[in-house]
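Q: Please take a close look at the aromatic pairs in this structure and follow them into the parts around them. A connected account is preferred to a list.

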Amino acid sequence: MFSNKDGSVSAQSQVIEAADKSTSGKVEYIKVSTSAEDYTVHVRDKIKLVEVSETYLNGQLQNKIIVSEGGKRVTSIGRDHETGKLVGTTWLLPKNIAAENERILKISLLEKQKEELKLKKWNMTQTLKEAGRSLQQVTSEQTDQKEIVYIDGLTGLPVKREIYLKDAQGEWKKDTEKIEEYKYFESLPFQFLSIENVGIFLKTITEILFCVHFSDYSYN
């Protein structure tokens, strides 16, 4: 156990170090799971300027967003409300939005997370052993919300995040639990760019009636 003062400083440094280590790869992969079959995947290639975001429910792909061509093209795949089948569309963005996407794609996928982590005050609670790994448990507590993060002592990366909310009696109740996985690739794996599972050719939108800003798909 650590004192509140020393624990806060130590834990804060640990969390910032974890975020800094998470920004070193060329192609970044993040998987966030709320269960074995419910999860999201985000992959960003900072060299070729491509990002893919996928959402799975009950083990099935629900939607997929591919931003490619240096931020110029968006490919959106989702399930049709009537048939339940995957369908897709693709379009080119206006130059001003494409230029902003190009800038964002060069930044680490975890940049936003790193900034958020640095803003919080963390307290060290304990060191745990789990599946042969040494985990540092740190906590950030507000009036009605508490966040507990478990950091792998070997890699310096978060592996699990728990959110607690206070109930009407003032007791902490677990709201969500997320398992986090981080990987780096030398190049973007082909399966993330594949659209074969859509089952039909993509519909191309030639007249832009709406624009979706790339940052809407950034990792949270």
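A: In this predicted model, the count of aromatic pairs comes to three. The rings of Tyr-39 and Tyr-56 have centres 4.7 Å apart and planes at 20°; planes under 30 degrees apart count as stacked, so this pair is stacked. Tyr-39 belongs to strand E2 and Tyr-56 to strand E3, so the pair ties together parts that lie 17 residues apart in sequence. Both Tyr-39 and Tyr-56 are buried. Ring pairs also link Tyr-29, Phe-185 and Phe-192 into a cluster.

Tyr-56 can be followed further. Strand E3, where Tyr-56 lies, spans residues 50-57. The relative accessibility of Tyr-56 is 17%, and because buried means under 20%, Tyr-56 counts as buried. Its contacts, leaving aside neighbours within four places in sequence, are Glu-37, Asp-38, Tyr-39, Leu-61 and Gln-62. The side chain of Tyr-56 also makes a polar contact of 3.0 Å with the side chain of Glu-54. From Tyr-56 to Val-41 the C-alpha to C-alpha distance is 8.5 Å, with their positions 15 residues apart in sequence.

Strand E2 also holds His-42. With a relative accessibility of 11%, His-42 counts as buried. The side chains of His-42 and Ser-53 are joined by a polar contact of 3.1 Å.

Val-41 leads to the nonpolar interior. The largest nonpolar core has 14 residues, and those touching the most other members are Tyr-29, Val-41, Val-43, Leu-188 and Phe-192. At least two residues of this core come from each of the strands E1 (27-33), E2, E3 and E4. A second, separate core has nine residues, including Leu-49, Ile-65, Val-67 and Ala-98. Tyr-29 and Phe-192 thus appear both in the ring cluster and among the core residues that touch the most other members. Leaving aside neighbours within four places in sequence, Phe-192 is in contact with Tyr-29, Val-41, Val-43, Val-52, Glu-54, Lys-64 and Ile-66.

Ala-98, from the second core, is one of the buried residues of helix H2 (residues 95-105), together with Ile-97, Asn-101, Ile-104 and Leu-105. These buried residues cover an arc of only 120° around the axis, which puts them on the same side of H2. They pack against strands E2 (39-45), E3 and E4. The face of H2 turned away from the buried side carries Lys-95 and Asn-96, which are exposed.

Strand E4 (residues 60-68) continues the path: six bridges join E4 to E5, and the two strands run antiparallel. Within this pairing, Asn-63 stands opposite Gly-78 of E5. The hairpin of E4 and E5 has four residues between the strands, and Glu-69 takes a positive phi near 55° there. On to the next strand, E5 pairs with E6 (residues 86-92) over seven bridges, again in the antiparallel sense. Here Ser-76 stands opposite Thr-89 in E6. The hairpin formed by E5 and E6 has six residues between the strands, and Gly-84 in its turn has a positive phi of about 80°. Five of the seven residues of E5 (residues 73-79) are buried, so this strand is largely enclosed by the rest of the structure.

How values were computed:
Residues are numbered from 1 along each chain as its sequence is written. This is a predicted model: local features need pLDDT of at least 70, side-chain atom pairs count only at pLDDT 80 or more; totals for chains, interfaces and linings use all residues. Side-chain values use heavy atoms; hydrogens and water are left out. Buried means under 20% relative accessible area, exposed over 50%, partly exposed in between (1.4 Å probe, protein chains only). Two strands pair if DSSP finds at least two bridges between them. Contact means heavy atoms within 4.5 Å. A polar contact is a pair of N or O atoms within 3.5 Å; within protein, one must be able to donate a hydrogen and the other to accept it, and residues adjacent in sequence count only if both atoms are side-chain atoms. The arc is that of the directions from the helix axis to the C-beta atoms. A nonpolar core is a set of buried Ala, Val, Leu, Ile, Met, Phe, Trp, Tyr and Cys residues joined through side-chain atoms within 4.5 Å. Rings of Phe, Tyr and Trp (its six-membered ring) pair if their centres lie within 6.5 Å; planes under 30 degrees apart count as stacked, over 60 as edge-to-face and the rest as tilted.
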